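Here are my notes on this model, set out as numbered points. Please keep the structure open as you read.

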Amino acid sequence: LKAGQDLPQYSTPPDVVVKTVMEIFKQGIKTLQEIPQLEPILLKHLFLKNTHGNKSLKAPLIPPTEPKVPERKHILPDENTWLWVASNNIEKALESGIEPLQRFLETFSVFKEESQLNPEKYVRALDDFDNPASVDEIKMDIQKHQKEVKRLEEQIPESLIVSYFKVNCKDIRILFAGKHASIVDKEIKLIAQRARDKNSELSLRFEDMEAKIRKTPSSIEELTEIKEYMAALPAEVAKEKVEIAECVDIYNLLEDFQFEFPMAELDSKWELFAAPKRLMETIQSQNSVLEKQKEVFLKEMAQEQEDFEEMLDGIEMTVGAFAQYDDITKFEQKYEDVISVNNRLKEFTDKTNQFNKREALMGKPLTDYGRLRQSVKDFEPYSNLWSVTRNWYHSHKSWLEDPWAQLDAINLEETVQNSFKTILRTASYFKAKSLPKILDIANEMKDKIDGFRKYVPLAVALRKEGMYDRHWDQISAGVGFDIRPTEDFTLTTVIEKGLEKYIPL
């Protein structure tokens with residue numbers, strides 16, 4: 001037997017057997033006609049020379065068609081009728097003998113599943129990316145297919161006598177049982193790959209943990225982060241042990257299936273098994289290393305804080321010197337100085353926060369940097385004065401000279417109001433602190449802003465949305481002269497025309 005699409009097939013078709021046997025039989029009968037008579041050969045002196053060996057035995061012939069019985073009695077029947085009957089009976093017997101062969105093939109319909117089974121496709125479905133089978137499921141499937149191998153070997157004989165044929169079933173038994181055996185082999189290899197993958201995944205996790213705790217910290221923050229990480233590791237390792245045990249169980253299962261691992265893979269198995277213990281030993285050794293590093297960081301921070309105190313002395317002097325500035329014309333330079341000092345104050349504030357944070361991390365008392373906070377508070381009036389002064393000179397020029405269509409009256413109103421509030425507060429501070437030079441600048445700015453405030457309502461009224469020609473016609477009629485935006489029309493034009501006197505209009 002050999003494999004077929006649904007049922008096995010005979011390597012030699014039965015009808016070919018019938019045909020071949022009959023051809024041999026007929027060829028044998030034909031050969032009888034070629035046997036020469038012995039008398040002319042042995043007794044040559046009794047026969048003419050030209051007849052020596054030319055005569056053949058009188059042998060029967062198979063009639064080409066079925067001989068008919070003569071109707072007349074004096075006519076003899078065909079003497080070869082018996083041979084035709086014999087030939088016909090042999091052929092019928094042969095054809096009758098091959099009929100059981102087809103019925104025997106049909107008994108293999110129970111193995112249709114094996115016939116259509118594709119081991120490669122079957123196992124690939126178990127490793128589907130979206131829904132892979134678990135190791136336990138694969139194990140049960142292996143055991144099922146192992147039973148199928150035994151069942152097929154018991155159920156399909158090596159050979160069997162069917163009619164007058166001996167049918168060899170060994171190849172088909174090997175094929176069907178081999179498919180299940182192939183599935184078993186592929187599934188065991190699939191489990192082995194799962195073990196390798198799990199081993200690799202867990203090993204990488206432990207390598208990552210070890211790399212993190214062995215990292216040399218570059219700051220107190222990093223040192224604290226590493227120590228906190230190490231403190232949380234025992235709980236994490238406990239979880240990893242569960243997965244390691246599952247991985248080892250897979251290896252043990254493969255041993256039950258007599259799967260042979262390369263020595264390198266067996267080594268990696270035991271390395272993974274020992275990984276938790278090795279990591280805990282590393283944690284213990286790193287704790288002492290980090291304690292030494294902690295002492296180094298504390299000494300470095302103490303020196304850094306000492307140097308920082310000198311920097312605070314310098315910033316206090318810088319802030320105090322601002323009280324002596326009395327030249328308002330140098331507002332651009334003073335504004336740049338203000339930006340520089342504000343940046344330094346912010347940098348120093350960030351530094352003190354860092355110091356305090358590190359002291360907290362190291363369990364040390366927090367250093368009080370109240371003197372810096374006082375410097376920030378003392379500098380705020382100077383920062384406000386020169387910021388308002390610089391912004392005023394820039395904005396005031398723009399308000400007066402920019403084209404009328406570009407004048408943002410809402411922004412103008414906001415800026416003037418905020419600037420006036422700020423300068424009032426700043427002047428009050430300088431007066432309370434008895435700082436006459438800087439107070440003069442603050443009062444000068446207060447007068448400038450206050451003098452401009454009367455034009456704000458006028459700018460807002462004339463630059464509001466919805467101002468059309470008819471509105472300008474009404475304004476022109478009210479003031480008694482023609483007034484409307486032209487190409488060179490600015491806020492200066494409005495002020496020079498004295499329109500603030502007509503605000504109620």
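1. Start with Q305. Setting aside its neighbours within four places in sequence, Q305 is in contact with F355, E359, T367 and Y369. Q305 belongs to helix α9, which covers residues 263-321. This is a predicted model, so read each contact as a feature of a prediction.

2. Is Q305 buried or exposed? Its relative accessibility is 13%, and Q305 counts as buried. The cut-off for that label is under 20% relative accessible area.

3. Now compare K147. K147 lies in helix α6, residues 135-155. Its relative accessible area is 60%, so K147 is exposed. The label "exposed" needs a value over 50%.

4. K147 also gives you a distance to check. Its partner here is A177, 30 residues apart from K147 along the chain. The C-alpha atoms of K147 and A177 are separated by 10.0 Å.

5. Next, the strands. How do β1 and β2 pair? Strand β1 (residues 159-162) and strand β2 (residues 165-168) run in the antiparallel sense, and four bridges join them. V162 stands opposite F165 in β2. In a regular strand, side chains alternate between the two faces of the sheet.

6. Look at the turn of this hairpin. Two residues sit between the strands β1 and β2. S163 takes a positive phi there, near 60 degrees.

7. Step back to the whole chain. The chain has 16 helices and two strands. Its radius of gyration is 57 Å, while the globule rule gives 23 Å for 505 residues; 57 Å is well over that, so the chain is more spread out than a compact globule. The C-alpha trace spans about 175 × 80 × 45 Å along its principal axes.

8. How much of the chain is buried? Of its 505 residues, 34% count as buried. The chain exposes about 31,600 Å², and carbon and sulfur atoms supply 52% of that area.

9. Consider contacts across the sequence. Take the contacts in the chain with a separation of 6 or more. Residues 24 or more positions apart account for 74% of them.

10. Last, the charges. The chain has 71 positive and 88 negative charges. The mean positions of these two sets are 5 Å apart.

Methods
Residues numbered from 1 in each chain as written. Predicted model: local features only at pLDDT ≥ 70, side-chain atom pairs only at ≥ 80, totals over all residues. Heavy atoms only, no water. Rg over C-alpha atoms; globule rule 2.2 N^0.38 Å. Buried < 20%, exposed > 50% of the residue type's maximum accessible area, 1.4 Å probe, protein only. Contact = heavy atoms within 4.5 Å. Areas by Shrake-Rupley, 256 points an atom, 1.4 Å probe, with all protein chains shown as cover. Lys, Arg positive; Asp, Glu negative; His and termini not counted. Charge placed at Lys NZ, Arg CZ, Asp CG, Glu CD. Pairing = 2+ DSSP bridges.
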